[in-house]
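Subject: Structure handover

Hello,

Here is the structure you asked about. Please open it alongside this email. My notes follow below.

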Amino acid sequence: MNKALEDGAFLRIESVVKEFGDFRAVDQVSLNVAKGEIFALLGSSGCGKSTLLRMLAGFETPTSGRIVLNGADLAGKPPYERPVNMMFQSYALFPHLTVWDNIAFGLRRDGLPRAEIAQRVEEMLRLTQLTKFGQRKPHQLSGGQQQRVALARSLAKRPQLLLLDEPLGALDKKLREATQIELVNIIEQVGVTCVMVTHDQEEAMTMASRIAVMSEGRFVQVGSPADIYETPTTCFVADFIGNVNLTPGRITVDEADHVHIECADFTHYVGHGVTGYLGQAVTVAVRPEKISLSADQPPGPMNQVQGTVKEMSYFGDTTLYHLELASGARLKVTFENDTRNHEGAPTWGDRVWAHWLPSSQVVLTQ
Ligand code: ATP
């Protein structure tokens, strides 16, 4: 658990349910978020992540459960009375107002003194590196700059909780990657607690300190990006985050009492730490980059299997190989390209050995 959570959560979501008629969009969700944390709700379309975000903002009312922010129960509080601000994917900037006036808009509505408004707007312009764009209209800005104006406007009111709804969805891939880091830097400088919604696992992994993977209104797994990537607890999570090989098998033991997983093409040696009963159906998850390739059979208690190279996708620094195994199943392997020595790389039709350490795989029972 992270330090801030031990000291008490800043945002508490307690057994929250949201039903639309007889359909449950959010199903008994509980979560603690620490002060200053950037937390991501990650899931595919329809999993309930936006509904949960909208309940935090006050645009939807929970059917049951509680949301507590900085010790205060938010029940019955309309959006404008919450110390919460939401930044939408569309940015929702006013097209007829300058950048300066867009940022000042909420502060004027709240009746802040003019000098205070000017000071906060200038501070936000500086923070988002938009000082020289203050007098421009939104249509005179790039997509990335518009996104920063939207962020500046959301932060100007100094909310206790910032909500980001697919914050970078409108940007192209290259700009999105650069902006992810910029956005995190700004949020961290302000120190605001942030909950974001995304269906893009890379975005969640890059920006958030912790992620909740959602499916059908529930949290399937909550953890740091590394936890979720390295030790997924279900096949759904393993498959949703990154590339993975999922191989079905059954738990067996050999004469020396070593636990193995018996699969169609090979036997996984799993060492310690597998809980289950003999004959239990399990799935072995191995990331492609944990697998090595060699022309010769490797020695030792490795998990290994021979296959034929059927497909190769070249990405520059790496190549993703698809090996066909004896049963016809495919195994994905990421091979790090040595650009100084192309000779060593396997090619189409080659018979190769794929092998990986028992500690590089996860055995899943659901
Ligand atoms: P997306 O990424 O597509 O926005 P999401 O994970 O954010 O998806 P939600 O918008 O939270 O999903 O919707 C969750 C489910 O609740 C969906 O099946 C949706 O159709 C349903 N839903 C959302 N709002 C309402 C509503 N006002 N009335 C009825 N059903 C709704």
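Two strands count as paired if DSSP finds at least two bridges between them. By that rule, strand β11 (residues 245-253) and strand β12 (residues 259-263) pair in the antiparallel sense, over 5 bridges. One pair to look up is threonine 252, whose bridge partner in β12 is histidine 260. Please keep in mind that this is a predicted model.

**The sheet around β11**

β11 and β12 belong to an open sheet of 5 strands. The order is β13-β12-β11-β14-β20, and the pairing is antiparallel. β13 (267-269) and β20 (361-364) stand at the edges. Each has a single partner strand, so one side of each is left without a neighbour in the sheet. Neighbouring strands here are turned by 40° against each other on average, with direction ignored.

**Overall picture**

The protein has 366 residues, and 38% of them count as buried. It holds 9 helices and 20 strands. Its C-alpha atoms fill a box of roughly 80 × 50 × 40 Å, taken along the principal axes. Take the contacts with a separation of 6 or more: residues 24 or more positions apart account for 65% of them.

**Two domains**

The domain assignment gives domain 1 (3-238) and domain 2 (243-364). Their C-alpha centres lie 39 Å apart. How many residues are in contact between domain 1 and domain 2? On the domain 1 side there are 5, and on the domain 2 side 6. The side of domain 1 that touches domain 2 divides into 3 nonpolar residues, 2 polar and no charged.

**The ligand site**

Which residues surround the ligand? The list is Phe20, Phe23, Ala25, Gly43, Ser45, Gly46, Cys47, Gly48, Lys49, Ser50, Thr51 and His199. Two elements give two or more residues to this shell: β2 (23-33) and α2 (49-57). α2 gives the most, with 3 residues. By type, the shell divides into 4 nonpolar, 7 polar and 1 charged.

**Helix α2**

α2 is mostly covered, with 8 of its 9 residues buried. The buried ones are Lys49, Ser50, Thr51, Leu52, Leu53, Arg54, Met55 and Leu56. Lys49, Ser50 and Thr51 also appear in the list of residues around the ligand. Just after α2, glycine 58 takes a positive phi of about 95°.

**Strand β3**

Is β3 (residues 38-42) mostly covered or mostly open? It is mostly covered: 5 of its 5 residues are buried. Ile38, Ala40 and Leu42 point one way from the strand. Phe39 and Leu41 point the other way. Both sets are buried.

β3 has parallel partners to check in the viewer. It runs parallel to strand β8 (residues 193-198), and 5 bridges join the two. Within that pairing, phenylalanine 39 has valine 195 in β8 as its bridge partner. β3 also pairs with β9 in the parallel sense, over 4 bridges. There, leucine 41 stands opposite alanine 212 in β9.

**Two backbone oddities**

Two residues have a positive phi without being glycine.

- Glutamine 28 has a phi of about 55°. It sits in strand β2, an element that also gives residues to the shell around the ligand.
- Glutamate 216 has a phi near 50°. It sits in the loop between β9 (210-215) and β10 (218-223).

Are these residues buried or exposed? A residue is buried from 20 other C-beta atoms within 10 Å, exposed at 12 or fewer, and partly exposed in between. Glutamine 28 has 14 C-beta neighbours inside 10 Å, so it counts as partly exposed. Glutamate 216 has 14 other C-beta atoms within 10 Å, and therefore is partly exposed too.

**Where to look**

For a quick tour, begin at the ligand and follow α2, which gives 3 residues to its shell. Then go to β3, with its pairing to β8 and its pairing to β9. Finish in the open sheet, with β13 and β20 at its edges.

Best wishes

Technical notes. Residues numbered from 1 in each chain as written. Predicted model: local features only at pLDDT ≥ 70, side-chain atom pairs only at ≥ 80, totals over all residues. Near = placed C-beta within 6 Å. Nonpolar A, V, L, I, M, F, W, Y, C, P; charged D, E, K, R; others polar. Axes fitted to C-alpha atoms, helices over the stretch in contact; angles between N-to-C directions. Domains from an automatic or database assignment. Contact = placed C-beta atoms within 7 Å.
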